[in-house]
Protein chains: 2
Amino acid sequence: MQACNRAIVARMDSPVALIPQLAAHLIAAGGKRLRPLLTLAAAHLCGYPANPAEELAARHVNLAACVEFIHTATLLHDDVVDESHLRRGLASANAVFGNKASVLVGDFLFARSFQLMTEDGSLPVMAILSQASATIAEGEVLQMATQNDLSTSMERYLQVIHGKTAALFAAACRVGAIVADRPRAEEMALDAYGTNLGMAFQLVDDALDYAADQRLLGKTVGDDFREGKITLPVLAAYDAGTEEDRVFWRRVIEESVQEPADLEHALGLIAATDAISITLRHASDYAARAQAALSIFAESEMRGLLGDVAAYTVSRAR
Amino acid sequence: MQACNRAIVARMDSPVALIPQLAAHLIAAGGKRLRPLLTLAAAHLCGYPANPAEELAARHVNLAACVEFIHTATLLHDDVVDESHLRRGLASANAVFGNKASVLVGDFLFARSFQLMTEDGSLPVMAILSQASATIAEGEVLQMATQNDLSTSMERYLQVIHGKTAALFAAACRVGAIVADRPRAEEMALDAYGTNLGMAFQLVDDALDYAADQRLLGKTVGDDFREGKITLPVLAAYDAGTEEDRVFWRRVIEESVQEPADLEHALGLIAATDAISITLRHASDYAARAQAALSIFAESEMRGLLGDVAAYTVSRAR
C-alpha cells in the first residue's frame with residue numbers, strides 16, 4: 001500500500017498548481033483506500049508477483065493507483081452533483097475549491113487513470129477498467145433518475161448500487177487475476193467476489209445513513225434523507241408503512257419538503273419497520289456470496305483475509 | 001463522416017434512458033464535427049485505408065468517433081463550469097437537463113471514448129488520446145486559474161489555448177498517421193499541423209467573441225467578456241490602453257462589475273487598439289505553420305484540402 005500511495009501522489013502531479021493542491025486535500029482527507037487494496041490483495045491471492053522482490057515495482061501497484069484515481073474522480077464529481085459540503089466529516093473539495101475545480105480535476109484524474117492503464121499495456125485490463133468507468137457513470141445517472149421517486153423497484157435500486165459501487169469493486173479484484181495470468185475461472189471468481197462485496201458494502205453504507213446509533217460514533221446520519229436518495233431503508237420503511245407513514249415519506253422524499261424534526265421521525269419509522277435489519281440481511285447475503293466465490297482458490301492467508309473483509313463489511317454495522 | 005456519425009449515435013446508446021436522450025440533444029445541436037473530420041482526413045492523407053472498399057468499417061472511423069466523444073464530454077463539462085445556458089444559439093445541455101446530468105453524461109462519454117480506444121487496440125493511439133485528455137483537463141484548470149486576472153502573460157494564455165483546444169486537434173490528426181502505419185516523421189508532421197491549426201482556431205474564436213460585426217450574422221458576442229475570460233483581444237486592448245481604459249478593464253474583468261453599456265464600451269476599446277487585428281495576425285501565423293507542416297507529404301487532393309482548412313480557419317473571421 002505504501003508503494004501504491006507513492007504512485008498515487010506521484011501521478012497526481014501536474015505543472016498546473018491547482019491540481020496537486022486539490023489532490024493534496026483529497027489525500028489529507030484520508031479514506032480507506034479499499035479499492036486499491038482489493039487489487040493488491042487479489043493479485044497476491046493469485047500468486048502475483050511470483051518474485052516477492054518485485055513487489056514494489058510490479059504492475060498491480062500501478063493498477064491499484066489507477067483504480068483509486070477512477071474512484072477519486074467519481075467522488076469529486078459526486079460531491080458536485082450532490083451539492084455536498086462535507087466528506088468524511090471534512091470540508092469536501094467542491095466546498096473548498098469550488099464546483100468548477102472539482103469537475104475539472106475529476107476529469108484530469110479520469111484521464112490520468114487511462115494513462116496508467118495504457119502504460120500497463122494490457123488490453124484486457126483496459127477493457128475491464130474502461131467498461132467499469134462507463135458502468136459507474138450509468139449507475140450515477142440512473143441514481144439521479146430515481147431520486148425522489150418512491151416507486152423505484154428493488155431491482156432498479158440494486159442496479160443503481162451495482163453501477164455506482166459494485167462494478168468498480170469487481171474490476172479492482174478482477175485485474176488482480178489478469179496481471180497474474182490466471183485462468184478465466186479465477187478471473188470470474190474474483191469478479192464475483194468483488195461484485196458481491198461491493199453490493200454488501202453499499203447496502204451497509206445505505207443502512208448506516210439511517211442508523212441512529214452511529215451518531216454516537218460521530219458519524220453523519222441523514223445525508224441520503226436530505227438529498228431524497230432512494231435507498232433500501234427508505235423503500236423498506238415505505239413498503240411496510242401505514243398510509244399515514246406513506247404520506248410522510250412522500251412529502252419528505254418525493255416533494256423534498258422537510259422540516260427540522262422530520263429526520264427524527266424518519267429514523268423512528270425506519271426502526272419501527274425493521275428497515276435496517278432488512279437492509280443488513282441483504283448485505284449479509286451478498287457478503288456470504290462474496291466469501292463463497294473465493295472457494296475456487298486454495299486455502300491461504302490471503303484468501304482468509306479477503307473472506308474477513310467481506311465479513312467485516314457487514315459486521316461494522318452491527 | 002456518415003459512417004462516423006452512425007458510430008457516434010450507436011455508441012452513445014445506453015440502457016439508462018437519460019444518456020441517449022441527452023446525446024440526442026447534443027447531436028441535434030449539430031456542431032462542425034471538425035475534430036473527427038481531421039482524423040478521417042489525416043488517415044486519408046496517409047493512404048489509409050489502402051483498400052477504399054474498407055472505408056466505412058476501418059479503424060479511423062471509430063477513432064474519429066472517439067475523438068468526438070472526448071470533445072463532447074469536455075463541452076458538457078465546460079458548460080457546467082462556465083454556467084453557460086446557450087451553445088451555438090441553442091439551449092445548452094445543462095440548461096435543459098441540469099448540471100448533474102451534464103457532469104455524469106460527460107463522464108459516461110469519457111469512459112466510452114476509452115472503450116472505443118481499447119477496442120481499436122493500439123497502445124500508441126491510446127497513449128496519444130489519453131495524454132490529450134489529461135492535457136485538456138490541465139488547460140481547463142489553468143484557464144480557470146487565469147480567469148479575471150489581467151496580469152496573465154501571453155505565454156500563459158497560449159498555454160491555456162494549447163491545452164483546451166490544440167492538444168486534441170493534434171491528437172486527432174496524429175492518430176491518422178498511426179492507423180496508416182506511417183513513419184514517425186509523418187506522425188509528428190500531422191501533430192504539428194493539428195497543434196498549429198488548433199491554436200489558430202482558438203485565437204479566431206477568441207477574436208470573434210469581440211467582433212462587433214459578427215452580431216450582424218446572428219452570432220453571440222461578449223460571452224467571454226461576461227465570464228471575465230482572459231483572451232488575447234482583452235490582453236492586447238489592456239496592454240495598449242490608457243490608464244483610464246485600464247481602470248475600466250480592471251473593473252469589468254478583474255472585479256466582474258459590469259453594467260449593460262460596458263460591452264459596447266469594451267468593443268469600442270478593442271476596435272481602437274487594433275486588438276482584433278493583433279489576435280488574427282497571431283492566428284494567421286499559426287495557420288501558416290500548420291500549412292507548412294504538411295510539406296512533408298506529396299501533393300494530393302487531401303493535402304490541398306487540409307491546407308485549405310487552415311486557411312479557412314482564419315479567413316472566416318475576415
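Tutor: A salt bridge is a side-chain nitrogen of Lys or Arg within 4 Å of a carboxyl oxygen of Asp or Glu. What we look at here is a predicted model, in which local features need pLDDT of at least 70 and side-chain atom pairs count only at pLDDT 80 or more, while totals for chains, interfaces and linings use all residues. Residues are numbered from 1 along each chain as its sequence is written, chains are lettered from A and ligands numbered from 1 in the order in which they are written, and side-chain values use heavy atoms, with hydrogens and water left out.

Student: How many residues apart in sequence are the parts that the pair D262(A) and R251(A) ties together?

Tutor: The side chains of D262(A) and R251(A) meet in a salt bridge, at 2.9 Å from N to O. D262(A) lies in helix α13 (residues 262-272) of chain A and R251(A) in helix α12 (residues 243-254) of chain A, helices being DSSP runs (H or I, at least four residues; strands are E, at least two) numbered from the N terminus. The pair therefore ties together parts whose separation in sequence is eleven residues.

Student: How many salt bridges does the rule find across the interface of chain B and chain A?

Tutor: Over all chains, the structure holds 26 salt bridges. Polar contacts (N or O atoms within 3.5 Å; within protein, one able to donate a hydrogen and the other to accept it, with residues adjacent in sequence counted only if both atoms are side-chain atoms) do link chain B and chain A, in six residue pairs, both residues at pLDDT 80 or more. For salt bridges across the interface of chain B and chain A, however, the number that the rule finds is zero.

Student: Which three residues supply 18% of the area that chain B buries against chain A?

Tutor: Contact (heavy atoms within 4.5 Å) joins 36 residues of chain B to 36 residues of chain A. The two chains bury about 3400 Å² between them, 76% of it on carbon and sulfur atoms, where buried area is the accessible area (1.4 Å probe) that two parts lose on being put together, summed over both. The three residues that supply 18% of the area on the side of chain B, more than any other three, are K100(B), L104(B) and E138(B).

Student: What relation do chain A and chain B have to each other?

Tutor: In general, two copies of a chain are related by a rotation about an axis and a shift along it. Here a rotation of 180° with 0.0 Å of shift along its axis superposes chain B on chain A with an RMSD of 0.0 Å, by least squares on the C-alpha atoms of residues with pLDDT of at least 70 in both. That is the relation of a two-fold axis.

Student: Which three residues supply 25% of the area that domain 1 of chain A buries against domain 2 of chain A?

Tutor: Chain A is divided into domain 1 (1-121) and domain 2 (122-318), with bounds from an automatic or database domain assignment. In contact there are 29 residues of domain 1 of chain A and 32 residues of domain 2 of chain A. The area buried between domain 1 and domain 2 of chain A is about 2600 Å², of which carbon and sulfur atoms give 77%. On the side of domain 1 of chain A, the three residues that supply 25%, more than any other three, are L38(A), L45(A) and C46(A).

Student: Which element gives the most to the side of domain 1 of chain A that touches domain 2 of chain A?

Tutor: The elements that give two or more residues to that side of domain 1 of chain A are α3 (34-45), α4 (59-82) and α6 (99-120) of chain A. With ten residues, the element that gives the most is α4(A).

Student: Where is P49(A) placed?

Tutor: Y48(A) and P49(A) are joined by a cis peptide bond, with omega about -5°. The place of P49(A) is in the loop between two helices of chain A, α3 and α4.
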